[in-house]
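I opened this model to look at its DNA surfaces, its chain contact and its strand pairing. My entries follow in the order in which I looked things up.

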Protein chains: 2
Amino acid sequence: MDAATRIDAMLARVRADGGRATTARRAILQTLIDHHDVHPTVEHITTTVQANHPEVAESTVYRFLDELERLGIVEHVRLGHGPTVYHFAEDTNHHHLVCSTCGRVTEVPQRIFDSLSKRVLRDYAFEIEARHFTLAGRCQTCDEQDSPGVHGHSHR
Amino acid sequence: MDAATRIDAMLARVRADGGRATTARRAILQTLIDHHDVHPTVEHITTTVQANHPEVAESTVYRFLDELERLGIVEHVRLGHGPTVYHFAEDTNHHHLVCSTCGRVTEVPQRIFDSLSKRVLRDYAFEIEARHFTLAGRCQTCDEQDSPGVHGHSHR
DNA sequence: GGCACTCTTGCAAGCTGTTCGCAATAACAA
DNA sequence: TTGTTATTGCGAACAGCTTGCAAGAGTGCC
């Protein structure tokens, strides 16, 4: 399925919900497809869209992403302390490990969490929904760099 | 060890680092001790301090908490999307489950993460450092309330 | 195509949580 | 007591996000 077809399919769902297929929305979906591998932020999406459609405002991107999320087409993830990033919902069978030092994101499969989830559900009556969040820590590279001693400045 | 003694001990560490023991700092530490069970935010700390010391500014609280964190005396935790909360470092042998729906915080012991941490370290060369973060999900109460069907509005 | 209906948009203002620059002040050492 | 330097309050600024509103653009229907 090529990009144009995917865009049409998604806009069909938007329209089925009473929404409209506008140029800005087409461009936003195009960007989401083109950059699906980089966890784009709203800012990233906006500036990319603005290359071809300079008039598109950031608030439009926020609003449309909210709507896409309501429709179950995208999901947001908070990686560390920066801005929220967005995913297609179908891409979210993984979770994110974010290095507090270098910011690098490692993806791990969902099943890694299975036994923890079961245990927490059983013992604490709490259903973990990890998709929108992140595990912080340190990747090996950073751990080797200044490992002996204190872990220094972890950021807020 | 009573509060005054604890405050003096902590200020001694501040001074050993070249810092000074001021009235504002004493009041902040007092508040931290008095409210250690409620995960206070900067705003919470500031308004509490201001009851006795109305002139103390929020920025002072931010700055001193940063310093206490550098010294390893407190740690911050981000619970969900709201403001950061602070802990004494000695109190942080637990993690937080935050309900996306009602915001209720459940504490779980650190050891729950042990096998996940080991596995991630082995397979992904990533050392999880969960203290500053949180697992999102839904507590039983909320799950029962509107469980059949979609999980509705998870918040950003 | 043209029309009416209403959703969407750009813009600017506003909000929350946090940081920063700075001159005045207060803590400490000697 | 005094000199040195850390700290403070204040206000402005910041990032990320949300909102109100009037103008504009899709859509269904004829």
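Which elements of chain A and chain B each supply at least two residues of the surface near DNA strand C? I found α2 (23-34) and α4 in chain A, and α3 (42-52) and α4 in chain B. I note at the outset that this is a predicted model.

**Entry 1. DNA strand C.** I counted 27 residues around DNA strand C. The ones that come nearest are Gly19(A) and Thr60(A) from one chain, and Ala21(B), Ser59(B) and Thr84(B) from the other. The element that gives the most to this surface is α4(A), with 4 residues. By class I have 9 charged, 10 polar and 8 nonpolar residues near DNA strand C.

**Entry 2. DNA strand D.** I then asked which residues lie closest to DNA strand D. They are Ala21(A), Ser59(A), Thr84(A), Gly19(B) and Thr60(B), out of 26 residues that surround the strand. Two or more residues come from each of α4 (58-70) of chain A, α2 (23-34) of chain B and α4 (58-70) of chain B. On this surface α4(B) gives the most, again 4 residues. I sorted the residues near DNA strand D into 8 charged, 8 nonpolar and 10 polar.

**Entry 3. How the two chains are related.** I laid chain A on chain B and got an RMSD of 0.2 Å, using a turn of 179° and a shift of 0.0 Å along the axis. I write this down as a two-fold axis, because a turn and shift of that kind are its relation. In chain A the C-alpha nearest the axis belongs to Leu116(A), at 3.5 Å. Both copies use the same surface, since 100% of the contact residues of chain A recur in chain B.

**Entry 4. The contact between chains.** How many residues does each chain bring to the contact? I have 30 residues from chain A and 31 residues from chain B. On the chain A side, at least two residues come from each of β4 (105-109), α5 (114-124), β5 (126-128), β6 (135-139) and α6 (140-145). That side of chain A holds 14 nonpolar, 10 polar and 6 charged residues.

I also looked for strand pairing across the contact. There β5(A) pairs with β6 (residues 135-139) of chain B in the antiparallel sense, over 3 bridges. Glu127(A) stands opposite Arg138(B), which is in β6(B).

**Entry 5. Strands within chain B.** Which strand of chain B does β3 (residues 94-99) join through 5 bridges? The partner is β4 (residues 105-109) of chain B, and the two run antiparallel. Val98(B) has Val105(B) of β4(B) opposite. These strands, β3(B) and β4(B), make a hairpin with 5 residues between them. In the turn I noted Gly103(B), with a positive phi of about 80°.

On checking β3(B) further, I found that this strand also pairs with β6(B), in the parallel sense and over 3 bridges. Leu97(B) has Leu135(B) of β6(B) as bridge partner. I note that β6(B) thus appears twice in my entries, paired with β3(B) and with β5(A).

**Entry 6. Confidence.** Last, I looked up pLDDT for chain A. The average is 88, and 92% of the residues score at least 70. Residues 148-156 of chain A fall below 50, and in the model this stretch has 8 contacts beyond near neighbours in sequence.

Note on methods
Residues are numbered from 1 along each chain as its sequence is written. Chains are lettered from A and ligands numbered from 1 in the order in which they are written. This is a predicted model: local features need pLDDT of at least 70, side-chain atom pairs count only at pLDDT 80 or more; totals for chains, interfaces and linings use all residues. A residue is near a molecule or strand if its C-beta atom, placed from the backbone, lies within 6 Å of it. Ala, Val, Leu, Ile, Met, Phe, Trp, Tyr, Cys and Pro count as nonpolar, Asp, Glu, Lys and Arg as charged, and the others, Gly among them, as polar. Copies are superposed by least squares on the C-alpha atoms of residues with pLDDT of at least 70 in both. Two residues are in contact if their C-beta atoms, placed from the backbone, lie within 7 Å. pLDDT is the predictor's confidence in each residue, from 0 to 100. Two strands pair if DSSP finds at least two bridges between them.
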